[in-house]
Amino acid sequence: SITGSFAKYVSAISNSVADSSSPAGNPQTFQFVYRGPAINANANGPLTSTPNAIAAVFAWYNANGGANLPLNGAPTIPGLTPQIQGSLDSPNNLEYAVGVNRQFGSKAAIRADYVFRDFRDFYATVVNTSTGTVKDQFGKVYDLALIQNTNDLTRRYQGLTAQGTYRFNALVDVGVTYTLSRAWGNVEGENVNSGPVTSSAFGYPEYHQASWDYPVGDLSIDQHHRARMWINYGVPMLHGVTLSALQTVTSGVPYGALGTVATQPYVTNPGYQTPPSPTSAFGAYYFTARDAFRTDGERRTDVAANYVYHVKGARNLQLFGQLQVLNVFNQFQLCGCGGTVFQNGGGVTQTRIDQSVLNNSTNAATYAMFNPFTTTPVQGTNWALGPNFGKALNRFAYTTPRELRLSFGVRF
């Protein structure tokens with residue numbers, strides 16, 4: 001249904017800072033409030049087709065002022081707003097590391113490493129009363145947004161990793177690795193798809209505050225405990241055959257009850273051209289601590305049989321085959337760590353678990369508005385966890401099920 005705001009996009013929709021992958025550069029976006037008749041408001045009634053619905057929206061748009069309509073929030077016009085003025089450094093970190101190791105004869109070895117990383121030079125979009133305004137070729141004025149580096153956000157990591165191995169003889173060895181770590185701060189700073197991402201923490205600062213928009217806590221990559229234990233056994237009577245087993249044990253990763261909240265009704269505009277719109281929620285609001293919830297940890301046992309045949313008379317030429325059984329005991333945890341048959345699994349993604357939060361922005365008839373600057377919201381009155389909060393969104397929310405994989409080939 002169409003009853004609220006809509007946007008106009010020019011060029012590609014998914015781009016990051018200074019992105020060179022788009023064939024048409026970074027996109028321009030303009031968002032307007034649709035105030036025309038509701039379209040497909042009744043899902044059970046006769047429905048307007050998608051082409052006709054789009055045509056109806058633009059007919060209303062053109063009949064009521066078109067580009068002269070008030071904008072619903074600040075537009076994005078690369079080169080005009082936002083701008084990169086001067087230099088922009090790549091996000092980086094200062095790393096401090098120390099390690100020790102000890103060899104015990106020819107059979108045993110242990111090693112321990114400690115690392116601390118302090119991340120710096122985050123990307124941030126800065127819009128405030130001192131950044132000023134810019135004007136387009138038609139004389140329209142916009143708030144100037146600047147993409148800058150900042151060290152006023154926090155992202156830190158520290159970890160202690162220990163490893164031990166023991167070789168009983170030429171055919172049998174065992175080992176274990178264990179990592180105790182923590183990642184914490186108030187900004188994720190990057191993601192898998194884009195690498196470094198731009199923070200909005202310093203855009204229109206009068207309309208949000210750090211305590212609920214970007215509080216300090218354990219970050220989404222935080223996993224306190226990770227352990228791997230393995231054994232390799234060369235079968236004495238079957239030359240070239242090795243049997244292996246790997247046990248994985250990890251703890252869960254954090255997430256919070258994150259929603260959005262309208263702040264514009266509670267702020268007097270200090271002079272912005274396009275302040276956050278009162279018709280849409282602005283920014284993030286953590287209704288709980290940033291790390292109030294955690295996924296399940298992973299418990300998984302994998303086994304494998306490897307065979308290598310050295311071709312006589314052919315230097316370095318080998319024939320090999322490998323049989324793997326992942327998650328041999330078919331254990332399942334709600335860990336967000338599943339994978340396909342072409343992957344090993346184990347990579348955690350919290351977005352596979354429902355984290356929906358209900359409040360006035362999503363259910364105005366049920367939950368009361370509140371002033372986020374002066375009021376602590378009450379669960380059940382101002383907000384609630386979604387009915388499926390903490391439940392799986394798809395099969396990848398669970399540990400990769402038992403699977404059999406066979407590979408073979410030639411090495412030379």
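# Notebook: strands, rings and one disulfide

**Threonine 248.** I started at threonine 248, which lies in strand 16. This is a predicted model, so I take everything below as read from a prediction. Is threonine 248 buried or exposed? I get a relative accessible area of 6%, so threonine 248 is buried. I then looked up what touches threonine 248, skipping its neighbours within four places in sequence, and found Ala227, Arg228, Glu298, Arg299 and Arg300.

**Strands 16, 21 and 22.** From there I followed strand 16 (residues 241-250) sideways: strand 21 (residues 299-310) runs antiparallel to strand 16, and 9 bridges join the two. Arg299 came up again here, since valine 249 has arginine 299 in strand 21 as its bridge partner. Next I checked how strand 21 pairs with strand 22 (residues 318-326), and that pairing is antiparallel over 8 bridges. Histidine 310 has its bridge partner in strand 22, namely glutamine 318. A reminder to myself for reading side chains here: in a regular strand they alternate between the two faces of the sheet.

**A small open sheet.** I also noted an open sheet of 3 strands, order 8-5-13, with mixed pairing. Which strands stand at the edges? They are strand 8 (146-150) and strand 13 (198-199); each has a single partner strand, so one side of each is left without a neighbour in the sheet. Strand 5 (residues 122-126) and strand 8 run antiparallel and are joined by 5 bridges. Within this sheet I picked out valine 126, which stands opposite leucine 146 in strand 8.

**Aromatic pairs.** On to the rings. How many aromatic pairs are there? I count 16 aromatic pairs. One of them is phenylalanine 116 with tryptophan 184, a tilted pair at 6.5 Å centre to centre with 55° between the planes. I placed phenylalanine 116 in strand 4 (residues 108-120) and tryptophan 184 in strand 10 (residues 172-185), so this pair ties together parts that are 68 residues apart in sequence. Tryptophan 184 has a relative accessible area of 15%, so I log tryptophan 184 as buried.

Then I looked at tryptophan 212 and phenylalanine 373, an edge-to-face pair at 5.7 Å centre to centre and 70° between the planes. Tryptophan 212 sits in helix 2 (residues 210-213), whereas phenylalanine 373 is in the loop between strand 23 (357-359) and strand 24 (383-385), so the pair ties together parts that are 161 residues apart in sequence. I checked accessibility on both sides: tryptophan 212 is buried at 4%, while phenylalanine 373 is partly exposed at 27%. Both rings belong to one aromatic cluster, made up of Trp212, Tyr285, Phe287, Phe370, Phe373 and Trp383.

**Arginines over rings.** I found arginine 155 over the face of phenylalanine 119, at 4.4 Å from the ring centre. Back in strand 22 (residues 318-326), I looked at phenylalanine 320: arginine 411 lies over the face of its ring, at 4.0 Å from the centre.

**Disulfide.** Last entry. The structure holds 1 disulfide, and I traced it to cysteine 335 and cysteine 337, with S to S at 1.9 Å. What is the handedness of the link? The angle about the S-S bond is -65°, and the link is left-handed. I also checked burial, and both cysteine 335 and cysteine 337 are buried.

Methods:
Residues are numbered from 1 along each chain as its sequence is written. This is a predicted model: local features need pLDDT of at least 70, side-chain atom pairs count only at pLDDT 80 or more; totals for chains, interfaces and linings use all residues. Side-chain values use heavy atoms; hydrogens and water are left out. Rings of Phe, Tyr and Trp (its six-membered ring) pair if their centres lie within 6.5 Å; planes under 30 degrees apart count as stacked, over 60 as edge-to-face and the rest as tilted. Helices (H or I, at least four residues) and strands (E, at least two) are DSSP runs, numbered from the N terminus. Buried means under 20% relative accessible area, exposed over 50%, partly exposed in between (1.4 Å probe, protein chains only). A charge sits over a ring if NZ of Lys or CZ of Arg is within 6 Å of the ring centre and within 35 degrees of the ring normal. Two strands pair if DSSP finds at least two bridges between them. A disulfide is a pair of cysteine sulfur atoms within 2.5 Å. Contact means heavy atoms within 4.5 Å.
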